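Please explain this structure, with attention to its backbone geometry and to its pocket.

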Amino acid sequence: MQKRRTPRDLGLWMGQMPVGKNNDITDVPGVRVGHVSLIQGVGPLLPHGKGPVRTGVTAILPRTGNLYRQPCSAGIEVMNGYGKSLGVPYIQETGSLNSPILLTNTLSVNDVANGVITYLLQQNPEIGNDARTPNIVVMECDDSYLNDIRGRHVKPWDAILALQRAAKGPIEQGNVGAGVGMSCFHMKGGIGSSSRLVQDQSGRSFVLGMLALANFGVLRDFLLVGVPVGKLLDQQASGYIPGSLILVGITNAPLSRWQLRQLAGRANLGMARTGSISMTGSGDFCLMVSTYIGSPNNYLSDWELDEFFRAVTEASAESIWNSMFLARTMEGRDGHIRNALPITETLDIVRRWQGGL
């Protein structure tokens, strides 16, 4: 089976900023990612939760140490609120993240949350006794076009296993973890990631990484480096698009909760670069986290944020494109198929278009 490659590896221009070693979210020191992929059965949808199963869970640990006891600063942007993610109001109110970040399908949010609760209770015996309960963060997209979503096949122990598997990069992308059953622009979507290196005005270097769970868009809107590839591909747009995009960004830069909210707001610019209009049924969220531990007196000035805005915009778009370039064709329930992006045809379209400018 031929290895799938990213658009950057294939020579496409992905932006002006330098990337980290792995060009993924784990380039941020301390970040770890783990997946559990559930792929079982073929053919017609069977009643009573018997499949076929095309789903999973992805766990993101922003840094080493105990998040409950030493939270991270965080900000969240609800680009379009047609979503069912857990933990959003608390982050909006407090600017604090005190649990891992889990991604899964829409109807498995509560099962994954139960797994995270078990994980945190085992780590922190003070919870519920002499200490407040944590804010569980589980974000979701609807994978029902390929998956028996009513079967709720992701269980609490899958969430715990994903957390236990969380490791340094390079991370798996495409049809993995929460991305197993996802669709993007009527093609196969999934997990994608990218990173950028950023310098402040004094020359200090920081890393910003993004991870996308891409499950949105219609084929005719698909853009790649400014080229209307979706309109020019020899592909038929078919099947229901459940919708949604989850973007998780992490940086080691000293940023406040309000600055992180500003960065999260720029993610929609990266989403727009891929052609999305954030349709009504698409729940589109961006969560930004800083792993910085230190005095608020050392936060960067607001006037130093422009390069971080650029980093979020570039890395969000590249993460989405990576999710498509690295995903493979998948057949799901009832013979539903999401074809992988046809790489050769796509590159030909881009080069012909650019050559004609």
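The paragraphs below turn to the backbone and then to the pocket.

This is a predicted model, in which local features need pLDDT of at least 70 and side-chain atom pairs count only at pLDDT 80 or more, while totals for chains, interfaces and linings use all residues. Residues are numbered from 1 along each chain as its sequence is written, and side-chain values use heavy atoms, with hydrogens and water left out.

A cis peptide bond, with omega about 0°, joins G51 and P52, and P52 sits in the loop between β1 (32-40) and β2 (53-61); strands here are DSSP runs of E with at least two residues, helices are runs of H or I with at least four, and both are numbered from the N terminus. The bond from G169 to P170 is also cis, with omega near 5°, and P170 belongs to the loop between α3 (156-165) and β7 (183-184).

R152, although not a glycine, has a positive phi of about 45°, and its place is in the loop between β6 (137-141) and α3. V225, likewise not a glycine, has a positive phi of about 45° and lies in the loop between β10 (205-214) and α4 (229-232).

The largest pocket (an open set of points on a 1 Å grid over the protein atoms alone, where a 1.4 Å probe fits, with protein on both sides within 12 Å along at least five of seven lines) has a volume of about 430 Å³. Of the 17 residues that line this pocket, K3, R4, T6, Q173 and L326 are the closest to its centre, where lining residues have an atom within 4 Å of a point.

Definitions and conventions
Grid points are joined across faces, edges and corners, and a volume is the space filled by probe spheres set on the points.
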